[in-house]
Amino acid sequence: MKYDYDVIIIGSGPAGFSCAMQSSKFDKKVLVVEANQEHLGGAWINSGTVPSKALRETSRIIQRYQNQFPDEAKEKPYAKYLMGDLLSYKDQILESKNKKVEKDLSKNEVDTYRGYGKLLDKNTVEVKNWEGEKKKFTAEYILLATGSHSKVPEGFEVDHDVVLDDNSVLSLTHIPRRLVVIGSGINALEFATTFSSLGTRITILSYTSKFLPFLDGDIAAELNKVLTESSIEVIQQVRDLAISVNDLRGTVEVMHSIKNDKEKGRKYVLETEHVLYLGKKLPNTAGLGLEEIGVKTDKEGFIETDATFKTSVGNIFAAGDAAGFPRLASASFSQGRIASCEMFQDDNTLKMPEQIPFAIYSIPEISNIGLTQKKAVEKGFNAAVGRAFYKNITQGDVSNQKVGLLKIVFNQDDFKILGIHIIGERASDLIHLGQAVMNLGGDIRYFIDHVLNYPTYSEAYRIAAFNGINFVHKAGVKYKKILK
Ligand SMILES: Cc1cc2nc3c(=O)[nH]c(=O)nc-3n(C[C@H](O)[C@H](O)[C@H](O)COP(=O)(O)OP(=O)(O)OC[C@H]3O[C@@H](n4cnc5c(N)ncnc54)[C@H](O)[C@@H]3O)c2cc1C
């Protein structure tokens, strides 16, 4: 063999892991290089996806319990539960997930080596371990799957005591009474609603002029109702953030101004117990030796790739967060696998699907795929919508879920689905039924022509389909023609 390995993968998160697993199925010799001394699995298992979901799931259960059996004393969850108890099972999940990744890799005869990987040339990776020793490995292909980190904030420091990040917030020993969340993305909403469900008073400070602007209008309106009911305040276009501890009052003060404020230059102060900073994600690409060997990046350092995740250097691939949008574990799993197929399968045709689902694990969940109503109209479709509110479906009643909306955007000419938008319990799972029908070329009549289990949240698809069809009928199309 000309090289030590067929492929060297730098980073063992979802992108690296899936590339390793797929490559091993092609009977290839694979090495995974991982900088984390203790754990494999990257942010997916150790700091991002899984741990945050574990806390969120506990909060959701507490909130459901409180709704079902209201506490006469109106005691807030933070007065009843200890953070340590809520999070104790998180560590067990992480341990078992870590073991599973390790076992899966070794079962599939994938080698692992701990240390920082760096490209020396297009076929050579140098790995520096924690003792400072350097070792070189060569391979025909290389996958860069090094993930991302939060941008360092301006005007204050993340000290993991007063100011926390998405990792250290999960090590809190108590549930805070007040929390200021600084962030403009989906993680800000997830943590805000997770802590709000535990009774924490939340203010979100967003840098952007519109919070989560990609949401469909109806979903955003439902979300706004939830935020108002939970007393979660969202302050937009914040600037000049400064954070200090007021020892006299025993509080943390978050000073900020607002861009385009009517009272120009006015400074606002929020009192809180902790601040959670969720900065913009930037790629872990510094020091990888990209520039030296000609791997192109954008101005923020995200690696540029084609549709099969090949970089500007033909045998080097990049996947996952380091390769930019959408920066999700869900997409990273597919990207790593596609990269492997492009490396080792002749005439590979596997690519990322045009439409992928997005989920926000807020309480309630939000999920969507495809076009919003507004985008569908802008694109020139003869678009119509069907809506189903959870309060009108039996599973909503049975589960005591008053909040929820499933909206289907479809083309009136052929009833084909253009987009699906859901807010409510199980939205992130529910989206997949619509995704399957949509991707297989089905239309909204699928949901009324087929029998769906009852009661289920899936009934929302049936009701939304009827709602959409009734709209078309009222617009003058004969029912017989619709059902043909
Ligand atoms: C709080 C939070 C919640 C999230 N929730 C979700 C969710 O619900 N659903 C979802 O789909 N996504 C979620 N994500 C995003 C998801 O975690 C990431 O998109 C995903 O982990 C990216 O995978 P990756 O393989 O690109 O990188 P990572 O998982 O970040 O792994 C990269 C690995 O590379 C290693 N590495 C870096 N540089 C080097 C080097 N030079 N040499 C060797 N090793 C190196 C790192 O140590 C790390 O282990 C969340 C993220 C956060 C922060």
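Biologist: What makes you split this chain into domains, and where do the bounds of domain 1, domain 2 and domain 3 lie?

Modeller: The model is a predicted one. The bounds come from an automatic or database domain assignment, which gives domain 1 as 5-150 + 282-344, domain 2 as 163-279 and domain 3 as 364-483.

Biologist: How do you know which residues of domain 2 and domain 3 are in contact, and how many are there?

Modeller: Residues count as in contact if their C-beta atoms, placed from the backbone, lie within 7 Å. By that test, seven residues of domain 2 meet 11 residues of domain 3. On the domain 2 side, three are nonpolar, one is polar and three are charged. The centres of domain 2 and domain 3, taken over C-alpha atoms, are 33 Å apart.

Biologist: Happy with that! What makes β12 and β13 a pair of strands?

Modeller: Pairing needs at least two bridges found by DSSP. Strand β12 (residues 238-246) and strand β13 (residues 251-258) have seven bridges, in the antiparallel sense, so the pair meets the requirement of at least two. One of the bridges links Asn-246 to Thr-251 in β13. The two strands form a hairpin with four residues between them, and Gly-250 in the turn has a positive phi of about 65°.

Biologist: And why are β12 and β14 called edge strands?

Modeller: The open sheet runs β12-β13-β14, with antiparallel pairing. β12 and β14 (268-272) each pair on one side only. From one strand to the next, the twist averages 25°. β13 joins β14 through five bridges, and Val-252 has Thr-272 in β14 as its bridge partner.

Biologist: Which strands make up the parallel open sheet, and in what order?

Modeller: That sheet has five strands, ordered β8-β15-β9-β10-β11. β8 (163-164) and β11 (233-235) are at its edges with a single partner strand each, so one side of each has no neighbour in the sheet.

Biologist: How do you know that β8 and β15 pair, and in which sense?

Modeller: DSSP must find at least two bridges. β8 and strand β15 (residues 274-277) have two, in the parallel sense, so they qualify with the minimum of at least two. Leu-164 has Leu-276 in β15 as its bridge partner. Helix α6 (residues 186-196) packs on this sheet and touches β9 (178-182), β10 (201-205) and β15. The direction of α6 makes about 170° with that of β10.

Biologist: Lastly, which residues are closest to the ligand?

Modeller: Gly-11, Gly-13, Gly-42, Gly-147 and Gly-320 are the closest of the 36 residues around the ligand. The shell divides into 14 nonpolar, 17 polar and five charged residues.

Note on methods. Residues are numbered from 1 along each chain as its sequence is written. This is a predicted model: local features need pLDDT of at least 70, side-chain atom pairs count only at pLDDT 80 or more; totals for chains, interfaces and linings use all residues. Axes are lines fitted to C-alpha atoms, for helices over the stretch in contact, and angles run from 0 to 180 degrees between N-to-C directions. A residue is near a molecule or strand if its C-beta atom, placed from the backbone, lies within 6 Å of it. Ala, Val, Leu, Ile, Met, Phe, Trp, Tyr, Cys and Pro count as nonpolar, Asp, Glu, Lys and Arg as charged, and the others, Gly among them, as polar. Two residues are in contact if their C-beta atoms, placed from the backbone, lie within 7 Å.
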